[in-house]
Amino acid sequence: MSILNAVLDHVDGHVEASLERLFALLRLRSISTDPAYAAECRACAEWHAADLRAIGFEATAHATPGHPIVVAHDRTASGPSALFYGHYDVQPVDPLELWERDPFDPVIETRPDGTRAIRARGASDDKGQVMTFVEACRAWKAVTGTLPIPVTILLEGEEESGGASLPPFLDAHAEELRASVGLICDTSMWDARTPAITTMLRGLCGEEIVVTAADRDLHSGFYGSAARNPNHVLARILADLHDEQGRVTLPGFYDGVPELPEALRADWERLPFDPAQFLGAVGLSVPAGETGRSVLEMVWSRPTCEVNGMGGGYQGEGFKTVIPSRASAKVSFRLVFDQDPHAVRAAFRDFVRARIPADCQVEFIAHGSGKATRFAVDSPPFAKARAALGEEWGRDAFFIGGGGSIPVADTLQRVLGMEVILAGFALEDDRIHSPNEKYELESFRRGIRSWVRVLDALSR
């Protein structure tokens, strides 16, 4: 039996023990955005550090101005090195009443067809995904006493709340963390049987605007029409952000956005993707967005402007006839190719200010930014990883785009100068950030096996 097959057999023979460790991790309420859970975030970082030390890593939970960052090294092997990135923090669980059980009481659910899923907050994003890599390292160490290549593991605790501590940490520890290739397991498969490597991610720019008029809420009978209504002002501004063809109207917004290369467009057109099924799965049927663009273009390679939240005036039960003093909205821009998030933020603020009438003031609150990321898929590590995934799943891995944003991918590429392979085993229906989050048991088991193969392939 080959060493690789022996390690894969070890994975299959110890799935229950791997699940016990994952469940212990899932019970930790590491909600990074809520200060009430700071102690649990710290406990989660210490759990990871202790777990990695138990399999021979030199691991430390480093204090930061926010939540700790875990760094672990195993450099006993020779050859090209890898830096694996993941995050241990999770999203809040609200609305709690929509969960079918305690979000931090993990369980394996068996469906009528016999398939099984791990149900808990963080099961998919990102604790289950992180542990696929850790368990692959554990299996290699158990069978051979070492890893195939030098490995560094970097786990942060603020990915779900802005990630403010990570960039300065990477700057300060660049030499310690630099590796031949970066690995991130925070993305999805193409489908339940087909692996994928994400080769491009959109950037992000988040803005909150608050429009204020009168110094207090006003009686709509006494002041209606005479007093400026911030809800009206804000609604007009938000409506002006798109034209009738679905294009964003900010001046200069499409600077740095080329047309999709024809070769890439042809690759995407060959993917087994059904727009009607994609929208139908969430109760929709008509594509919105830019006229003349395919759905895959819109979610992978075109920039967006979305209103993520808005409010003003009375929103409780019943009715209250007031003209509100304030109205607010949260607006996010998903960016592509070479769009500059700072230029987009400035253009948005100028756009809003130009539409603020007399008797109104506007305040802006920035909510983070990051550039889009692309990776050259013709480099040897990508070919090796793609082949390893194909061997495990019995299907060639697709190179796909990603509609979301993982700012650390750009940071690793820019600050540490490395290509990054984004290979995850989540599915589109894992309900990440939503109630009843889950992770397929098969994703967990075969995710571990996939990383075993990838580490082996990178060593050759």
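**Note on helix 4 and the salt bridges of a predicted model**

1. Helix 4 is mostly covered, with 15 of its 18 residues counted as buried. The structure discussed here is a predicted model. What span should the 18 residues of helix 4 have? At 1.5 Å a residue they should span 26 Å, and the end C-alpha atoms are indeed 26 Å apart, so expectation and model agree. After helix 4 comes G145, whose phi is positive, near 85 degrees.

2. Helix 4, which runs over residues 127–144, contains both E135 and R138. The side chains of these two residues form a salt bridge, with N and O 3.0 Å apart. E135 and R138 are three residues apart, which means that about one helical turn separates them. Are the two partners buried or exposed? E135 has a relative accessibility of 3% and is therefore buried. R138 has a relative accessible area of 13% and is likewise buried, since buried means under 20%.

3. A second pair, E109 and R119, joins two strands. The closest N and O atoms of this salt bridge are 2.9 Å apart. E109 belongs to strand 4 (residues 107–110) and R119 to strand 5 (residues 116–119), so the salt bridge ties together parts that are 10 residues apart in sequence. E109 is partly exposed at 25% relative accessibility, whereas R119 is buried at 14%.

4. A third pair, D12 and R445, joins two helices. Their side chains meet in a salt bridge with an N to O distance of 2.9 Å. How many residues apart in sequence are the parts that this pair ties together? The separation is 433 residues, because D12 lies in helix 1 (residues 3–13) and R445 in helix 15 (residues 441–458). Both partners are partly exposed: D12 has a relative accessible area of 34%, and R445 has a relative accessibility of 23%.

5. The pair D12 and R445 should also be viewed in a wider setting. Which residues are linked with D12 and R445 in a network of salt bridges? The network comprises D12, E391, E392, E442, R445, R446, R449 and R453.

6. A remark on the whole structure completes this note. A search of the whole structure finds 38 salt bridges. Such pairs can arise because side chains of opposite charge can pair when their charged atoms come close. Among the salt bridges found are E135 with R138, E109 with R119 and D12 with R445.

Terms used
Residues numbered from 1 in each chain as written. Predicted model: local features only at pLDDT ≥ 70, side-chain atom pairs only at ≥ 80, totals over all residues. Heavy atoms only, no water. Salt bridge = Lys/Arg side-chain N within 4 Å of Asp/Glu carboxyl O. Helix = DSSP H or I, 4+ residues; strand = E, 2+ residues; numbered from the N terminus. Buried < 20%, exposed > 50% of the residue type's maximum accessible area, 1.4 Å probe, protein only. Expected span 1.5 Å × (residues − 1).
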